[in-house]
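I am opening a notebook on this structure. I will look things up one at a time and write down what I find.

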Amino acid sequence: MQTIELGKIVRPQGIKGEVKIELYTNSFEFLRKNEQFVLLNSEKTLTLMKYRVNDNFCIAEFSEIQSRNEANELIGQIICMDKLKYSSSLSQDEFIISDVMDFDIVTNLNKNYGKLTSIDNYGSTDVYSFITKDNLVGRFANVPSLIIDIDYSKREIIVDDKHFNEVVCYED
């Protein structure tokens with residue numbers, strides 16, 4: 001089974017074994033009662049009983065964690081789930097970041113600007129970083145109607161040429 005990392009347990013919450021999880025995703029559709037999660041590099045599975053989301057954190061109760069002491073033992077552990085199952089919970093305009101790393105940034109006029117190196121979120125929108133063939137680092141904010149399509153077979157993120165040139169900036 002191929003898994004995807006969803007978040008990290010950062011601390012216990014309360015005395016009944018709930019844990020606070022720093023989420024790595026902006027989609028919470030995968031959080032379902034009785035959903036099975038696994039810990040990275042472990043055979044241990046966790047069954048979600050209930051949760052609540054606050055910003056990029058989730059307070060979760062798992063049936064296998066009964067006390068604050070048991071929750072303490074899991075601090076720093078990475079929560080994962082089956083990648084295929086997670087992918088099916090995404091809407092049409094969502095994607096898994098690791099699946100598009102190193103994709104070419106190509107305009108609808110077929111101009112290749114370079115390879116995607118990271119996607120970061122600083123609050124209001126995602127910021128895409130890429131490196132050109134000349135080793136320049138470029139960045140652009142994902143503003144509405146900028147990304148036209150993601151072509152997985154060609155490993156390309158297709159962007160609107162006009163919008164791209166309005167928002168792209170390069171490091172000196």
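Is Lys83 buried or exposed? I looked it up in the model, which is a predicted one. Lys83 is buried, with a relative accessible area of 14%.

**Entry: the partner of Lys83**

I next searched for charged company around Lys83. Lys83 forms a salt bridge with Asp99. Their closest N and O atoms are 2.5 Å apart. I then checked where the two residues sit. Lys83 belongs to helix H2, while Asp99 belongs to helix H3, residues 97-100. The two are 16 residues apart, and the pair links distant parts of the chain. Asp99 has a relative accessible area of 26%, so I note Asp99 as partly exposed.

**Entry: other salt bridges**

How many salt bridges does a search of the whole structure find? I count seven in the result. I followed up two more of them.

One joins the side chains of Lys85 and Glu35, at 3.0 Å from N to O. Lys85 lies in helix H2, residues 83-88. Glu35 lies in the loop between strand E2 (18-23) and E3. The two parts are 50 residues apart in sequence, so this pair ties them together. I compared the two ends with the cut-offs: buried means under 20%, exposed means over 50%. Glu35 has 7% relative accessibility, so Glu35 counts as buried. Lys85 has 44%, so Lys85 counts as partly exposed.

The other joins the side chains of Glu166 and Lys162, at 3.7 Å from N to O. Both residues lie in helix H4, residues 161-167. They are four residues apart, about one turn of the helix. Glu166 has a relative accessible area of 52%, so I list Glu166 as exposed. Lys162 is at 59%, so Lys162 counts as exposed too.

**Entry: the barrel**

In what order do the strands of the closed barrel run? I traced six strands, in the order E1-E2-E5-E4-E3-E6. The pairing is antiparallel. I also looked up the angle between neighbouring strands of this sheet. With direction ignored, they are turned by 50° against each other on average.

I followed E3 to both of its neighbours. On one side, E3 (residues 36-39) pairs with strand E6 (residues 78-82) in the antiparallel sense, over two bridges. Val38 has Cys80 in E6 as its bridge partner. On the other side, E3 pairs with strand E4 (residues 45-54), also antiparallel, over three bridges. Here Gln36 has Thr47 in E4 as its bridge partner.

E3 and E4 form a hairpin with five residues between the strands. In this hairpin, Asn41 takes a positive phi near 60°.

**Entry: the cysteines**

Cys80 had come up in the barrel, so I checked it for a disulfide. How many disulfides does a search of the whole structure find? The search finds zero. Cys58 is in no disulfide, and the nearest cysteine sulfur, that of Cys80, is 15 Å away. For a disulfide, the two sulfur atoms must be within 2.5 Å, so a 15 Å separation rules this pair out. I also looked up burial. Cys58 has 1% relative accessibility, so Cys58 counts as buried. Cys80 is at 1% as well, and counts as buried.

**Entry: nonpolar cores**

Which residues touch the most other members in the largest nonpolar core? I noted Val19, Ile21, Phe30, Phe37, Phe62, Ile79 and Tyr86. This core holds 23 residues. The elements that give two or more residues to it are strand E1 (3-13), E2, E3, E4, strand E5 (57-62) and E6. Another core, of 15 residues, lies apart from it. Phe103, Leu146, Val159 and Val168 are among its members.

**Entry: positive phi in loops**

Most residues other than glycine have a negative phi. I therefore looked up two that do not follow this.

Asn135 has a phi near 65°. Asn135 sits in the loop between strand E9 (126-131) and strand E10 (137-141). With a relative accessible area of 59%, Asn135 is exposed.

Arg155 is not a glycine either, and its phi is positive, about 60°. I found Arg155 in the loop between strand E11 (147-151) and strand E12 (156-159). Its relative accessible area is 40%, so Arg155 is partly exposed.

Methods
Residues numbered from 1 in each chain as written. Predicted model: local features only at pLDDT ≥ 70, side-chain atom pairs only at ≥ 80, totals over all residues. Heavy atoms only, no water. Pairing = 2+ DSSP bridges. Axes fitted to C-alpha atoms, helices over the stretch in contact; angles between N-to-C directions. Buried < 20%, exposed > 50% of the residue type's maximum accessible area, 1.4 Å probe, protein only. Salt bridge = Lys/Arg side-chain N within 4 Å of Asp/Glu carboxyl O. Core = buried A, V, L, I, M, F, W, Y, C linked by side-chain atoms within 4.5 Å.
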